[in-house]
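Visitor: I would like to learn how to read the side-chain features of a protein model. Could you take me through one, feature by feature?

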Amino acid sequence: MFQTRLTYELTDNINTYFTYATGWKAAAVNLSSDTRPPDPMTGLGREANPEDVTLYEFGVKASWDRGFVNVALFDQTIEGFQSNLFVGTSFVLANAEEQSVRGFEIDSLYQPFDPLTLTFGLTYLDPEYDSFTQAPCTSLSGFLPPECVPGVASFDASGFRPAGISPISISTSATYTHQFNDGLDGFVRGEFLFESATQVIENTPRAVAERTVENLNISAGLAFESGFEIVGFVRNALDNQWLLSAFPSVAQSGSFTGYLNEPRTYGVTLRASF
């Protein structure tokens, strides 16, 4: 792994930087009970070669008394990208010659007045298989091309968009704190996460398994001077549903199985420190 960074201070409150970094990920071997040697008829395999990663990033960081804003533009390329998908009875390991992702990220915090803290984060991602000439037909059935006829093990997936990566992600929060008399502190907090529509996984068609995330969490709590704390929370307050993962069903050809997120959940947490 190698990394170098150049920084330049424009003003006392604004800093810019440029980063060049490389990384490496070791080879992978599937050791599950259903592992098997590579099958030229199905494209199923149990090994993947190492990955080599190259990253370019340019960013600006600005801060002031009441908050900060960080902006980063990046371009990452992975040579030998390891594709690993569950196909119902086993895992498929394969290497794409090259996968890349370009995008930008914004991270910010603002305190309009002392008790209130607001945060906002935005990420845009544009991933692509730049070169994936031996993509297994079995594992990438979510967008099977005409080339994948019976007896054909692979096809050229170059130019396809990898699944599971939302183009736009937004996370934001608001926290209000208040100090009561007699050493009692309280807070109210809301968090919201949005992830735009994306195909959940590549071996399940987008029409079957597309995901959009809209998740609201709310919490409130009191902390006593004695060290006792009580926090009440609601997770997934909007009770929205989305798929965490999906895969072809084992014994029913043409059907699929998926895992949903947790429904709306209420709870209370009690803590004591001594």
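Guide: We will go through cores, a surface patch, ring contacts, salt bridges and backbone angles in turn. Please keep in mind that this is a predicted model.

Visitor: Let us begin inside. Which residues make up the largest nonpolar core?

Guide: The general idea is that nonpolar side chains tend to be buried together in soluble globular proteins. In this model the largest nonpolar core has twelve residues. The aromatic members are Phe81, Tyr129, Phe132 and Phe155. Val53, Ile78, Ala94, Ala96, Ala135 and Ala157 belong to the core as well, along with Cys137 and Cys148.

Visitor: Which strands supply at least two residues each to this core?

Guide: Strands β6 (67-86) and β7 (91-113) each do so. Apart from that core lies another one, of six residues, including Leu85, Ile201, Ala209 and Leu243.

Visitor: Now the outside. Which residues make the nonpolar surface patch?

Guide: Phe180, Leu222, Phe224, Phe228, Ile230, Val268 and Leu270 make a patch of about 600 Å². At least two of the patch residues come from β14 (228-235), and at least two from β17 (265-272). Leu222, for its part, sits in strand β13, which spans residues 210-223.

Visitor: Why does Leu222 count as partly exposed?

Guide: Its relative accessibility is 32%, and partly exposed covers the range between the buried limit of 20% and the exposed limit of 50%. Val208 can be read in the same way: it is partly exposed because its relative accessible area is 46%. Val208 is in the loop between β12 (185-199) and β13. If you want a sense of distance, the C-alpha atoms of Val208 and Ile106 are 32 Å apart, with their positions 102 residues apart along the chain.

Visitor: On to the rings. How many aromatic pairs does a search of the whole structure find?

Guide: The search finds eight. One of them joins Phe155 and Phe160, with 6.0 Å between the ring centres and 85° between the planes. That pair is edge-to-face, because an angle over 60 degrees puts a pair in that class. Phe155 is buried at 3% relative accessible area, while Phe160 is partly exposed at 26%. Elsewhere, Phe2, Tyr20 and Tyr56 form one aromatic cluster.

Visitor: Which residues place a charge over a ring?

Guide: Arg5 lies over the face of Tyr17, 4.6 Å from the ring centre. Arg235 also has its charged end over a ring, that of Phe233, at 4.1 Å from the centre.

Visitor: How should I read the salt bridges, and how many does the structure hold?

Guide: The general idea is that side chains of opposite charge can pair when their charged atoms come close. This structure holds seven salt bridges. Take Glu128 and Arg102, whose closest N and O atoms are 3.7 Å apart. This pair links distant parts of the chain, with Glu128 in strand β8 (residues 116-131) and Arg102 in strand β7, 26 residues apart. Glu128 is partly exposed at 27%, and Arg102 is partly exposed at 27%. Both residues also belong to a salt-bridge network with Asp126 and Arg161.

Visitor: What is the closest N and O separation for Arg189 and Glu191?

Guide: For that salt bridge it is 2.7 Å. Arg189 is partly exposed, with a relative accessible area of 28%, and Glu191 is partly exposed at 31%.

Visitor: And where do Glu229 and Arg271 lie?

Guide: Glu229 is in strand β14 and Arg271 in strand β17, 42 residues apart, and the pair links distant parts of the chain. The closest N and O atoms of this salt bridge are 3.6 Å apart. Glu229 is partly exposed at 30%, and Arg271 is partly exposed at 45%.

Visitor: One last feature, the backbone. Which loop holds Asp182, and what is its phi?

Guide: Asp182 is in the loop between β11 (168-179) and β12. Its phi is near 60°, a positive value in a residue other than glycine. Asn236 is not a glycine either, and has a positive phi of about 50°. Asn236 lies in the loop between β14 and β15 (243-248).

Visitor: Are Asp182 and Asn236 buried or exposed?

Guide: Asp182 is exposed, with 71% relative accessible area, whereas Asn236 is buried at 4%.

Notes:
Residues are numbered from 1 along each chain as its sequence is written. This is a predicted model: local features need pLDDT of at least 70, side-chain atom pairs count only at pLDDT 80 or more; totals for chains, interfaces and linings use all residues. Side-chain values use heavy atoms; hydrogens and water are left out. Rings of Phe, Tyr and Trp (its six-membered ring) pair if their centres lie within 6.5 Å; planes under 30 degrees apart count as stacked, over 60 as edge-to-face and the rest as tilted. Buried means under 20% relative accessible area, exposed over 50%, partly exposed in between (1.4 Å probe, protein chains only). A charge sits over a ring if NZ of Lys or CZ of Arg is within 6 Å of the ring centre and within 35 degrees of the ring normal. A nonpolar core is a set of buried Ala, Val, Leu, Ile, Met, Phe, Trp, Tyr and Cys residues joined through side-chain atoms within 4.5 Å. Helices (H or I, at least four residues) and strands (E, at least two) are DSSP runs, numbered from the N terminus. Patches are made of residues with over 30% relative accessible area and no salt bridge: like charges are joined within 9 Å, nonpolar side chains (Val, Leu, Ile, Met, Phe, Trp, Tyr) within 5 Å. Accessible areas come from the Shrake-Rupley method with a 1.4 Å probe; for residues, only the protein chains shown count as cover. A salt bridge is a side-chain nitrogen of Lys or Arg within 4 Å of a carboxyl oxygen of Asp or Glu.
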